[in-house]
Amino acid sequence: MITELAVFEKMPDQVKISHEELERDGFCQNPFFECQIAEVSDEHRSKCVVGYALYFYTYSTWKGRTVYLEDLYVMPEFRGNGIGKGLMSKVAKIAVEKQCVRLQLSVLDWNSPARDFYAAKGAQDLTDSEGWHFIRFDGLSLDNLVKEAPKD
Ligand SMILES: CC(C)(COP(=O)(O)OP(=O)(O)OC[C@H]1O[C@@H](n2cnc3c(N)ncnc32)[C@H](O)[C@@H]1OP(=O)(O)O)[C@@H](O)C(=O)NCCC(=O)NCCS
């Protein structure tokens, strides 16, 4: 489903992660992420996974504990049944139980259904209201930063 979401987002080539890395990072002593999955039962009552929400914790120096929803995905044939809303609400519940005061995420500008979905649930679009840009260092730019690190 991670790959399905990347295909939907028109960036399938960006998925470089392996099963081993996901297992290592999500199922270690201090996991880098947590995940909720949505399951449905088929006619034989065997369960299959049809959606997921992957999230992790971050921190705001202005507001404190924050949860970041990295991925939210429901398989196309199961959309429109409340599964996406259920996954997001479950993440919100877990986060609030851990005293998080924010749930944040990024969405592509052309993804109007998802943007409408978040807006309908009361989310603010910070690019519109505050002008934030989403910045990333990786590959060479990350290596270059590391090379310039002071020697303590
Ligand atoms: C966004 C997504 C997770 C929503 O999941 P879903 O299970 O279809 O959503 P739900 O059935 O829980 O719908 C929640 C609400 O959004 C509305 N909604 C659902 N699909 C919609 C659509 N295509 N257009 C407009 N509204 C929609 C529903 O009417 C519902 O409103 P309500 O709470 O007033 O009843 C799902 O469509 C998806 O996986 N999309 C592709 C991947 C994606 O865009 N992920 C988010 C990336 S940031």
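Okay, let's start with the record: an unreviewed UniProt entry annotates residues 1-147 as "domain: N-acetyltransferase". Keep in mind that what you're looking at is a predicted model. Within that annotated stretch, 36% is helix and 24% is strand, and the C-alpha atoms at its two ends sit 36 Å apart.

Zooming out to the protein chain, we've got 152 residues, and 11% of them count as buried. The C-alpha trace spans about 60 × 40 × 35 Å along its principal axes. You'll find 6 helices and 4 strands, and reading from the N terminus the order goes α-α-β-β-β-α-β-α-α-α. If you take contacts with a separation of 6 or more, 42% of them are between residues 24 or more positions apart.

Now the strands. E2, residues 47-60, and E3, residues 64-74, run antiparallel and are joined by 10 bridges. How many residues does the hairpin between E2 and E3 go through? The hairpin goes through 3 residues, and Ser60 stands opposite Gly64 in E3. E3 also pairs with E4, residues 102-104, this time in the parallel sense, over 3 bridges. For a landmark there, find Tyr68, which stands opposite Gln104 in E4.

On to the core. As a general point, nonpolar side chains tend to be buried together in soluble globular proteins. Here the largest nonpolar core has 14 residues, and among those with the most contacts inside it are Ala53, Tyr55, Val67 and Leu69. Two or more residues each come from E2, E3 and H3, with E3 giving the most, 5 residues. Pick Leu69 if you want one residue to click on: leaving aside neighbours within four places in sequence, Leu69 is in contact with Ala53, Tyr55, Val91, Leu103 and Leu105.

Last stop, the ligand. Which residues come nearest to it? Out of the 20 around the ligand, those are Arg79, Gly84, Lys85, Pro113 and Ala114. By class, the shell has 12 nonpolar, 5 polar and 3 charged residues. Helix H1 (2-8), strand E3, helix H3 (83-97) and helix H4 (112-120) each supply at least two shell residues, and H4 gives the most, with 5 residues.

So if you keep one element in mind from today, I'd make it E3. That strand pairs with E2 and with E4, gives the most residues to the largest nonpolar core, and supplies at least two residues of the shell around the ligand. Okay, that's me done, over to you.

Technical notes
Residues are numbered from 1 along each chain as its sequence is written. This is a predicted model: local features need pLDDT of at least 70, side-chain atom pairs count only at pLDDT 80 or more; totals for chains, interfaces and linings use all residues. UniProt positions are given in the numbering used here, feature names are shortened, and annotations may be inferred rather than shown by experiment. A residue is near a molecule or strand if its C-beta atom, placed from the backbone, lies within 6 Å of it. Ala, Val, Leu, Ile, Met, Phe, Trp, Tyr, Cys and Pro count as nonpolar, Asp, Glu, Lys and Arg as charged, and the others, Gly among them, as polar. A residue is buried if 20 or more other C-beta atoms lie within 10 Å of its own, exposed if 12 or fewer, and partly exposed in between; C-beta atoms are placed from the backbone. Two residues are in contact if their C-beta atoms, placed from the backbone, lie within 7 Å. A nonpolar core is a set of buried Ala, Val, Leu, Ile, Met, Phe, Trp, Tyr and Cys residues joined through C-beta atoms within 7 Å. Two strands pair if DSSP finds at least two bridges between them.
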